[in-house]
Every structure is written in structure tokens, then in C-alpha cells.
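I opened this notebook to keep track of what I looked up, in the order in which I looked. The entries begin below the structure.

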Amino acid sequence: MNRKHFFSAFSGEIYTLNEEYTHHLDCGQLEITNLPKKNCKHCYGRGYTSKATDTGHYNLCKCTLKDASGSFLRNAAERQIEDVRLHTKKEDFNNSEYVL
Ligand SMILES: [Zn+2]
């Protein structure tokens with residue numbers, strides 16, 4: 001069975017799923033090609049480098065995409081953009097609440 005690794009942009013967790021369970025993930029679940037290395041000098045094995053203060057989600061370390069192909073990265077970038085759009089909508093909503 002084909003197992004895939006994922007990173008949750010919301011919690012910073014890295015986990016593995018069988019491919020058959022990967023079709024219902026939300027846009028904050030980013031597929032990665034490599035598990036983070038304990039000796040990575042950017043993430044120290046956590047898989048993320050920092051937390052974005054504006055959107056509250058974690059920034060993936062590039063060591064988790066070491067073996068990614070060009071098409072894999074394009075696909076991942078599209079999912080990231082969807083994620084940012086969702087967060088923007090949520091912020092717009094919050095801002096309108098402050099106005100009221
Ligand atoms: Zn790393």
C-alpha cells in the first residue's frame with residue numbers, strides 16, 4: 001500500500017497516511033516528500049521553521065520537500081494559495097465584526 005507523508009499547516013504536525021485516506025484532507029494538509037531530519041539546521045527535525053503571526057499557521061521547512069519534483073511543487077503551491085485565500089476571507093469577516 002502506498003503511504004504518503006503530510007504536514008499540517010495549522011498544528012505543525014507531520015504524519016503518514018495510506019493513499020486511500022488522502023482524498024478528504026482540507027487545504028491546510030500539505031503533502032511532503034521527505035520526513036524532516038533531526039540534524040536539519042533550519043527546523044531541528046520539527047519540519048517547520050516558524051509560525052506565521054498573521055495567519056497563525058506553520059511554515060514548512062524545505063528539507064521536507066528535498067525529493068519533490070517540479071510538478072509536485074506546483075501542485076503544493078496551488079494548495080498553499082487556497083489556504084491563504086481561506087485565511088484572508090476569515091480575516092475580512094473578523095474585520096467587519098469589529099466595524100459593527
Ligand atoms: Zn528542516
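Entry one, the hairpin. In this predicted model, I looked first at E1 and E2, which form a hairpin with 5 residues between them, and I noted that Gly12 in the turn has a positive phi of about 80°. The two strands pair in the antiparallel sense over 5 bridges, and when I followed His5 across to E2 I found Thr16 as its bridge partner.

Entry two, the other partner of E1. Strand E1, residues 3-8, also pairs with E3 in the antiparallel sense, here over 4 bridges, and I wrote down that Phe7 stands opposite Leu30 in E3.

Entry three, the faces of E3. Which side chains of E3 are buried, and which are not? Going along the strand I saw the side chains alternate, with Leu30 and Ile32 pointing to one face and buried, while Gln29 and Glu31 point to the other face and are not buried.

Entry four, the core. I then asked which residues make up the largest nonpolar core. The core holds 9 residues in all, namely Phe7, Ala9, Leu30, Ile32, Cys43, Tyr48, Tyr58, Leu60 and Cys61, and strands E3 (29-32) and E5 (58-60) each supply at least two of them. I set beside this the general remark that nonpolar side chains tend to be buried together in soluble globular proteins. Over the whole protein chain of 100 residues, 13% count as buried.

Entry five, Tyr44. In the loop between E3 and strand E4 (48-51) I came to Tyr44, whose phi is near 55°, a positive value in a residue other than glycine. Is Tyr44 buried or partly exposed? I recorded Tyr44 as partly exposed because 13 other C-beta atoms lie within 10 Å, whereas a buried residue needs 20 or more.

Entry six, the chain as a whole. I counted 1 helix and 5 strands, and read along the sequence they follow the pattern β-β-β-β-β-α. Among contacts with a separation of 6 or more, residues 24 or more positions apart account for 47%.

Entry seven, confidence. The mean pLDDT of the protein chain is 82, and 78% of its residues reach 70 or more. Where is confidence lowest, and where is it highest? Helix H1, residues 70-99, is lowest with a mean of 62, and strand E2, residues 14-18, is highest at 95. Over residues 96-100 the pLDDT is below 50, and this stretch has 0 contacts in the model beyond near neighbours in sequence. I kept in mind that predicted coordinates should not be read in detail where pLDDT is low.

Conventions:
Residues are numbered from 1 along each chain as its sequence is written. A nonpolar core is a set of buried Ala, Val, Leu, Ile, Met, Phe, Trp, Tyr and Cys residues joined through C-beta atoms within 7 Å. A residue is buried if 20 or more other C-beta atoms lie within 10 Å of its own, exposed if 12 or fewer, and partly exposed in between; C-beta atoms are placed from the backbone. pLDDT is the predictor's confidence in each residue, from 0 to 100. Two residues are in contact if their C-beta atoms, placed from the backbone, lie within 7 Å. Two strands pair if DSSP finds at least two bridges between them.
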